Amino acid sequence: RHSSGTSEQQKPQPPGEGAEPGAPNELYENPWTIPNLLSMTRIGLSPVLGYLIVEEDFNIALGVFALAGLTDLLDGYIARNWASQKSVLGSVLDPLADKILISILYVCLTYTDLIPVPLTAMIVLRDITLIAAVFYVRYKTLPPPKTVGRYFNPCYATAQLKPTFISKMNTGVQLILVAASLAAPVFNYVDSVYLQTLWYITAFTTTASAYSYYHYGRETVNILNK
């Protein structure tokens, strides 16, 4: 959803201005954009939602989930329409926030018997694998010296991630299932066959998404400091 732009925000770091000795010129950007702050807000709301679900306070959980969804819509809209708000970090942070939110929600909804264990296991395993891949790409694309400080410094942009089309669809389907599951105890349709059908649809899109990354993996990563 986020992509690198040609604004002043993203530019090679001049030698001697904060660069470590021996480090080549590399893309250095301001990570404190509105979309990135919205993504971090979504990450912060994730444990709050998890707590509300475990406590079975589904009415408030629905409201907080709607707020998290609003941050997801806004960060993409702002990044697409204001060049100064685009960032390479956003291409990683936005899907990472979605994965953290989805993983916590599915685990907690499974704890309250609203989503089956095998489906949650499939989703969490896929997300852990993708997150591990992101950390690996970060390590491989970070120019020397590969220090811990530079690795975790969001100002150093090394690679931009481009999710596959089926992955975007899958995220939408997974969030629809979360919304439907949260609303089920509120509106008394926990045993609905339609909800159970949505389980199988979500399992299919999750499997298809995982395969798309396996098949098109290299095409989803744009290395910036070649």
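Let me start with one pair of helices in this predicted model: helix 6 and helix 7 cross each other in a left-handed sense. On the helix 6 side, the residues that make the contact include Ile 166, Asn 170, Val 173, Leu 177 and Ala 184, while helix 7 contributes, among others, Leu 195, Trp 199, Thr 202, Ser 209 and Tyr 213. If we sort the residues of this contact by character, we find 12 nonpolar and 9 polar ones, and no charged ones.

Now to the geometry. Two packed helices are described by the angle between their axes and by the distance between those axes. Here helix 6, which covers residues 165–187, packs against helix 7, residues 193–216, at an angle of about 155 degrees, and the two axes lie 9 Å apart. An angle over 145 degrees counts as roughly antiparallel, and helix 6 and helix 7 are therefore roughly antiparallel to each other.

Let me step back to the whole protein chain, which has 7 helices and 4 strands. Reading from the N terminus, you meet two strands, then five helices, then a strand, two helices and a strand at the end.

How much of the chain is buried? Of the 226 residues in the protein chain, 44% are buried. The protein chain exposes about 12000 Å², and 67% of that area is supplied by carbon and sulfur atoms. Finally, if we take the contacts between residues at least 6 apart in sequence, 74% of them join residues at least 24 apart.

Technical notes
Residues numbered from 1 in each chain as written. Predicted model: local features only at pLDDT ≥ 70, side-chain atom pairs only at ≥ 80, totals over all residues. Heavy atoms only, no water. Axes fitted to C-alpha atoms, helices over the stretch in contact; angles between N-to-C directions. Parallel < 35°, antiparallel > 145°, perpendicular 65-115°, else oblique. Left-handed = near helix turned anticlockwise from the far one by under 90°. Contact = heavy atoms within 4.5 Å. Nonpolar A, V, L, I, M, F, W, Y, C, P; charged D, E, K, R; others polar. Buried < 20%, exposed > 50% of the residue type's maximum accessible area, 1.4 Å probe, protein only. Areas by Shrake-Rupley, 256 points an atom, 1.4 Å probe, with all protein chains shown as cover.
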